[in-house]
Amino acid sequence: MEQQNTRLRNAGFATFFFSGICAISAGVVVSLLQERYGFAYGMTGTLLSLMSIGNLLAGLLMGMLPSALGMKRSVLLLTIGYAAGYAVMGLTGAVALLAAAFFVVGIAKGSVINTCTILVSDHSADRTRGMNLMHSCYACGALLCPFLIAAAARVSTELAVFLLAAVGLVLWLVYVFTPLRGGKSKSSAEKEAIDWSFLRSARFWLLTGLLFFQNAAEQSVNGWMVTYFKGSGIIAGTMAAYTVTVMWGATLVGRLLIAFVFPLKNPRKAMVGMSVLCTVFYVLLVMAHTQGAAIALLFAFAISMSGLNPTAVASAGRMTSVTSMGIMLPVASSGAILMPWVIGIVAERAGLAAGMASNIVPCVGLVVFTLLVARLPEE
């Protein structure tokens, strides 16, 4: 049993690593596509939002499909989107097909998040440590993505995108050889056994709101920061792509510190401190005018936010299930749909600096919701 738990947990770690490469690369790829095809800021924001819409839909599908198809078939069907989506991006510049490609990449991203959350949380002795380790694997993948893309892009943009498709295929093959079980109901009694009590929990909805604002703030930075640095001239074009490495290096450091060096004695109060710090650092970041200050503040912002998502999900405790995650994660990911689109619209009308400044709103939302969560009674 212990060996099986370790195998399933490690499958979650491995696939989240590959997902980090594929998901975070979208922010760099959309910048390359904008340069190549001359997309307006509004179109760039729309593509990023379509990826987040796919992410949201995937969570809902992962909550429903396993009862009809079984867990493994559902996971394989939905996670092939990384390979398929990036392959389409490498083959065409047609707007409709690119929109569809970003959408299916989002479906794959959401499916992997949901699947890995269940694999790791259900098969780890320490849930908080397991979740932070899982998200550290994601950060490692995110760290690698700019280097992989830059190396391949020296040959051609198409090669860079096809490389991401290959990574997505490897991720899918890991699931092919992982014994994923459960989900498919065989009788009405089993269907009635689903516990929906979490829907009446204030804790569940406050954590979902917290994750909504966390997703909004993080995805906006992931999706827009490279374009912002290029457009503002704060960081030179080729160097701007490597700011993804700065951000995810900080994220990795923060999550490993929480997992191994500074375990959180009071996770809810710790989240308040994280949210306040990331808000302060983001305000300073959008005010930065030099390369050194921008990089330092991006690092500080990322390390401040690094523990919020895994700690919030771990705080769901006994409410964690395929069904609850199938609602919490998609609802929360709607923040990642809304905010990149809002930034694109604001940037069209008032400039990209104003668009990036609007991302302060979800940062403040984080502070409000972490304070509300901290006031909840202990379980």
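This report covers cysteines, two buried hydroxyl residues and one helix pair in a predicted model.

**Cysteines**

The model has zero disulfides. A disulfide requires two cysteine sulfur atoms within 2.5 Å. For Cys 116, the closest cysteine sulfur belongs to Cys 137 and lies 9.1 Å away, so the two are too far apart for a bond. Cys 140 is likewise in no disulfide, its nearest cysteine sulfur, again that of Cys 137, being 6.2 Å away. As for solvent exposure, Cys 116 is buried, with a relative accessible area of 0%, whereas Cys 140 is partly exposed, at 28%.

**Thr 279 and Ser 220**

Thr 279 sits in helix α12, which covers residues 267-287. Ser 220 belongs to helix α9, made up of residues 202-232. Both side chains make a polar contact with a backbone oxygen: that of Ser 275 for Thr 279, and that of Ala 216 for Ser 220. The table sets out the values for these two residues.

| Residue | Relative accessible area | Backbone oxygen reached by the side chain | Distance |
|---|---|---|---|
| Thr 279 | 12% | Ser 275 | 2.8 Å |
| Ser 220 | 0% | Ala 216 | 2.7 Å |

Thr 279 counts as buried because its relative accessible area of 12% falls under the 20% limit. Ser 220 is also buried, with a value of 0%.

What does each residue touch beyond its neighbours within four places in sequence? Thr 279 is in contact with Cys 363, Val 364 and Val 367. Ser 220 touches Met 225, Met 339, Pro 340, Ile 343, Met 356 and Asn 359. Among the contacts of Ser 220, Met 225 lies in the residue range of α9 itself, 202-232.

**Helices α6 and α11**

Helix α6 spans residues 127-153 and helix α11 spans residues 243-261. How are α6 and α11 arranged relative to each other? They pack at an angle of about 160 degrees, with their axes 8 Å apart. Because angles over 145 degrees count as roughly antiparallel, α6 is roughly antiparallel to α11. The crossing of this pair is left-handed. Cys 137 and Cys 140, discussed above for their sulfur atoms, have residue numbers that fall in the range of α6, 127-153.

Conventions
Residues are numbered from 1 along each chain as its sequence is written. This is a predicted model: local features need pLDDT of at least 70, side-chain atom pairs count only at pLDDT 80 or more; totals for chains, interfaces and linings use all residues. Side-chain values use heavy atoms; hydrogens and water are left out. Buried means under 20% relative accessible area, exposed over 50%, partly exposed in between (1.4 Å probe, protein chains only). Helices (H or I, at least four residues) and strands (E, at least two) are DSSP runs, numbered from the N terminus. A polar contact is a pair of N or O atoms within 3.5 Å; within protein, one must be able to donate a hydrogen and the other to accept it, and residues adjacent in sequence count only if both atoms are side-chain atoms. Contact means heavy atoms within 4.5 Å. Axes are lines fitted to C-alpha atoms, for helices over the stretch in contact, and angles run from 0 to 180 degrees between N-to-C directions. Angles under 35 degrees count as roughly parallel, over 145 as roughly antiparallel, 65 to 115 as roughly perpendicular and the rest as oblique. A crossing is left-handed if the near helix is turned anticlockwise from the far one by less than a right angle, and right-handed if clockwise.
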